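This report describes selected strands, helices and residue environments of one protein model. The sequence and structure are shown first, and the description follows.

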Amino acid sequence: MDETTTLKPNGGYPMHRFEDLETLYFVYITKPEDRALIQRSYEFAKAKHEGQFRRSGEPYIQHPIEVAYICAQLQSGPATIASAFLHDVVEDTDTTIEDIERLFGSEVAKIVDALTKIQRMKLSHMTAEDFEAEDHRKIFLGMAQDVRVILVKLADRLHNLRTLDSLAPHRQIALAKETLEVFTPIAHRLGIYTVQSELEDLSLKYLEPEKYRSILALVNEKYEHRKSSLENLKKRLADILLDHKIPFKMESRVKSIYSIYKKMYMKGHSFDDIYDILAIRVITESVLNCYEILGMIHSIYKPIPGRFKDYIAMPKPNMYQSLHTSILTGDGQVYEIQIRTEEMDSIAETGVAAHWKYKEGNNYNAKAEQKEIEQKLHWFRDFISLSGEHKGGSASEYMAALSNDIFGANVYVFTPLGKVIDLPLGATTLDFAYKIHTKVGDSAVGAIVNGSLVPLNTVLKTGDVCEIRTAKNARPNDSWLEIAKTTSAKNHIRHALQRRDAELLKEERAKNGKQSLVDAFKTQGIDEAEMVHILESSNVLKNEYHYNDLDDLYVMVYGKNPAPGAILDLLKLRRKPSGPVIKSTRAPKVVEDKSPVEVEGGITGLAISLSQCCSPIPGDDIVGYITRGKGITVHRKDCPNVSSGKRLIDVHWKEGLGLSVYPVDIEVFANDRGNLVSDILQTFAAKNVAVRDLHAKIIPENGSVIVEMTVAVNSAKTLYDCFADLLGVKGIYEVTRITH
């Protein structure tokens with residue numbers, strides 16, 4: 001948001017009457033029933049707060065009047081203004097939410113209910129740190145339901161800060177600190193700059209009174225010193241625009257005290273180094289006029305390099321639009337000039353409140369307005385999603401996530417279609433992928449940033465154009481939790497990993513449960529194929545154990561509920577074994593059995609070898625292929641060189657294979673960089689995996705590298721652990737096994 005505002009150094013705020021408020025809202029609220037709602041809410045609040053006084057000594061009703069007045073200045077609707085009058089009555093009187101709904105309707109009741117829940121947090125109930133986190137979470141959860149909640153809350157806080165002198169010093173400091181941590185960031189994100197800047201200046205006045213007074217004195221001195229120069233510049237610009245018949249309004253403004261404080265004490269600038277303390281704002285009719293005015297100014301005055309910003313072409317996430325340029329005048333002074341349309345100026349000052357001013361007519365719909373805010377302010381969707389994810393979690397974690405993902409999102413990255421995605425500093429292409437969509441994040445394998453292929457751990461910067469590469473079979477792995485920087489992406493990755501682990505666990509349990517059944521049925525002379533047929537066709541079994549499919553049954557068997565024997569008994573299948581299911585049709589040559597694989601059914605004496613085309617290793621799903629005169633060759637079940645047929649036979653890995661290792665051919669795809677091969681070798685060395693052969697070739701067309709190698713591993717688990725580690729290495733975006 002624009003960092004400038006009209007400075008009000010003298011402080012002092014007038015006390016408004018209800019009639020003053022009427023003058024404001026009568027301009028844009030004309031329906032008698034809407035005006036009557038506001039009138040009734042005022043009279044109700046006045047009656048309920050009768051006899052109550054603020055610390056300042058004024059009648060309590062003065063506070064709701066001022067809160068409602070601020071809301072009306074933002075041209076809020078009748079329900080918002082009514083809620084401003086009623087925001088304290090449930091907390092401070094005998095009124096209930098049911099009373100509010102009965103007297104003022106459900107819309108007002110929902111806003112007041114959200115505001116009341118915020119108010120009911122008390123410091124005495126918990127530690128100060130936990131109170132702050134929980135109180136702040138309630139504020140933002142309320143806003144996620146209805147943005148009008150935060151409009152009233154901002155107005156409430158602004159009036160409280162205007163009257164802060166009546167509180168004890170420790171309460172002044174606590175409220176000012178909370179305002180800067182909670183209220184001004186959200187006012188900034190919503191673009192309500194008039195409220196934001198006043199909240200900031202008032203907070204600074206109580207937190208750093210000496211620095212506040214010092215900066216105020218410097219600003220007043222500079223303004224007096226430059227007043228003549230500023231007026232001359234305004235006159236020169238006005239003459240130029242009048243000569244060219246360009247419509248305009250012109251005003252000068254002084255940078256807010258808090259904005260100057262941030263530059264001086266947080267960024268280390270001296271007061272004289274801050275160019276935009278005094279500025280001119282030119283307001284015109286059209287976007288074309290804005291650029292015409294900019295061209296005229298630059299043709300006469302020398303612009304300061306690096307100080308031009310085009311927020312019209314690329315608006316800020318809070319919808320702020322304007323052209324900014326800093327120029328050097330003939331008398332050696334530097335001034336900032338802002339150029340914008342009337343609509344842009346309105347949004348620059350009051351943000352979301354300007355864009356969604358109350359509109360009378362049958363088409364006004366509060367829910368539709370809230371939905372439109374979510375669509376226009378893309379960060380607001382992320383905010384709502386994050387708030388939903390943390391509803392039952394730690395308040396401190398929620399506030400930390402909000403601070404990082406939403407308030408700290410100051411890096412702006414483009415999609416190929418020109419959509420702006422805002423991310424926190426340090427965010428990666430993986431964070432970007434999850435911002436686009438959960439499915440895009442889950443299937444991401446790499447990215448193209450500014451035309452170059454990059455890995456998922458690439459840090460993005462403002463102005464980058466990013467496109468995510470996905471693969472159908474890609475899945476998140478554990479290393480992604482280190483790559484992702486946003487809380488939202490980390491949460492999605494954790495959920496995906498939990499689903500993966502659950503699926504793997506179920507798969508493993510189903511496999512073991514099935515094997516238990518196969519062994520039990522085999523003792524009754526029933527082979528696996530017949531067993532499956534019996535289980536699939538048995539209604540007795542389904543009615544007894546209520547499973548959805550055979551995998552569910554196998555998992556139940558794994559847990560011994562039911563045990564394999566119970567299934568045999570239920571199906572009345574116990575009988576004497578009828579011998580092995582598979583018998584050799586000829587007497588094979590007896591060989592020494594050193595194979596890690598054995599044939600189902602206890603058949604021995606066959607020559608068994610591991611296929612070289614797909615290099616199966618312990619842990620792979622395998623199948624045997626009966627060759628002519630060479631025994632059985634073992635393949636991975638997904639090997640393209642085997643297909644279903646009579647020559648296939650069931651085999652499995654032996655138990656307790658020990659420390660034997662097996663060669664596997666793999667390919668690594670990566671972006672070319674220095675030390676890539678060294679990092680690959682170190683990854684395998686960390687897993688105690690030997691690399692027996694390695695070849696690397698560069699693809700000049702896209703600057704990528706393909707590394708082919710043979711590694712020696714003891715199991716599929718070890719291999720895929722290595723794959724996961726490799727995908728965490730900078731530049732690597734795909735790792736696969738080779739089938740020859």
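In this predicted model, helix 20 (residues 429–436) lies across strand 10, strand 11 and strand 12, and its direction is at about 85° to that of strand 12.

The strands beneath this description belong to one sheet. Strands 10, 11 and 12 form an open sheet of three strands in the order 11-10-12, with antiparallel pairing. Strand 11 (452–454) and strand 12 (466–470) are at the edges and have a single partner strand each, so one side of each is left without a neighbour in the sheet. From one strand to the next, the twist averages 30°. Strand 10 (residues 444–449) and strand 11 run antiparallel and are joined by three bridges. Within this pairing, Ile448 stands opposite Leu453 of strand 11.

A second region centres on strand 19. Of the ten residues of strand 19 (residues 662–671), nine are buried, so this strand is largely enclosed by the rest of the structure. Strand 19 is paired with strand 21 (residues 704–713) through ten bridges, and the two run antiparallel. Strand 19 is also joined to strand 22 (residues 732–737), again in antiparallel fashion, by five bridges. The table lists one residue pair for each of three strand pairings described in this report.

| Residue | Facing residue | Strand of the facing residue |
|---|---|---|
| Ile448 | Leu453 | strand 11 |
| Phe669 | Ile706 | strand 21 |
| Val668 | Val735 | strand 22 |

Arg636 offers a single-residue view of another strand. This arginine lies in strand 16 (residues 632–636). With a relative accessible area of 9%, Arg636 falls under the 20% cut-off and is therefore buried. Leaving aside residues up to four places away in sequence, Arg636 touches Cys614, Pro616, Asp620, Asp621, Ile622, Val642, Arg737 and Thr739. Among these contacts are two aspartates, Asp620 and Asp621. Another of the contacts, Arg737, falls within the residue range 732–737 of strand 22, the strand that is joined to strand 19 by five bridges.

The last element considered is helix 15. Which residues of helix 15 (residues 342–350) are buried? They are Met344, Asp345, Ile347, Ala348, Glu349 and Thr350. In an α-helix there are 3.6 residues a turn, so residues three or four places apart point the same way. Just after helix 15, Gly351 adopts a positive phi of about 50°.

Key:
Residues are numbered from 1 along each chain as its sequence is written. This is a predicted model: local features need pLDDT of at least 70, side-chain atom pairs count only at pLDDT 80 or more; totals for chains, interfaces and linings use all residues. Side-chain values use heavy atoms; hydrogens and water are left out. Buried means under 20% relative accessible area, exposed over 50%, partly exposed in between (1.4 Å probe, protein chains only). Helices (H or I, at least four residues) and strands (E, at least two) are DSSP runs, numbered from the N terminus. Two strands pair if DSSP finds at least two bridges between them. Contact means heavy atoms within 4.5 Å. Axes are lines fitted to C-alpha atoms, for helices over the stretch in contact, and angles run from 0 to 180 degrees between N-to-C directions.
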